[in-house]
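Here are some short exercises to work through with the model open. Try each task before you read its solution.

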Amino acid sequence: SLPNGYSGNDARNGASFSFNAGAFEITDAGSLNGTYVNGEHVGSTHVHDGDRLTLGRTPMTIHLGDRP
C-alpha cells in the first residue's frame with residue numbers, strides 16, 4: 001500500500017509505479033534523491049511483497065496480496 005498523499009506517480013519524488021505482465025514495477029524519473037529498493041539505488045525494477053522502498057526521503061514497504 002502507498003502512504004497517504006502518495007499518488008503512485010508523484011513528481012515531487014520522481015518515481016512511478018506500473019503493473020505490466022503480471023508484475024509491479026517502479027521507475028525512477030530522474031529524482032534528486034533517487035529511488036531505492038532494499039537499499040539499492042535503482043532506475044527501474046520489479047518490486048515484490050516485502051520489498052523496502054525509499055522514494056526521496058519517503059520510506060515504505062510493499063505489501064501485495066490478501067493480508068489482514
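**Exercise 1. Find what the side chain of S31 reaches.**

Step 1: the S31 side chain comes to 3.0 Å from the backbone nitrogen of G34. That fits a polar contact (N or O atoms within 3.5 Å, one able to donate a hydrogen and the other to accept it; residues adjacent in sequence count only if both atoms are side-chain atoms).
Step 2: the side chain of D28 is also a polar partner of the S31 side chain, at 2.6 Å.
Step 3: S31 has 18% relative accessibility, so S31 is buried (under 20% relative accessible area; exposed is over 50%, partly exposed in between; 1.4 Å probe, protein chains only).

Before you go on: this is a predicted model, where local features need pLDDT of at least 70 and side-chain atom pairs 80 or more, while totals for chains, interfaces and linings use all residues. Numbering runs from 1 along each chain as its sequence is written, and side-chain values use heavy atoms, leaving out hydrogens and water.

**Exercise 2. Work out which polar partners D51 has, and whether a salt bridge is among them.**

Step 1: look for a salt bridge (Lys or Arg side-chain nitrogen within 4 Å of an Asp or Glu carboxyl oxygen). D51 is buried and has none; R52, the nearest side chain of opposite charge, is 7.4 Å away.
Step 2: check the other partners. The D51 side chain makes a polar contact with the N38 side chain at 3.0 Å, and a polar atom of the D51 side chain sits 2.7 Å from the backbone nitrogen of H48.

Definitions and conventions. Lys and Arg count as positive and Asp and Glu as negative; His and the chain ends are not counted.
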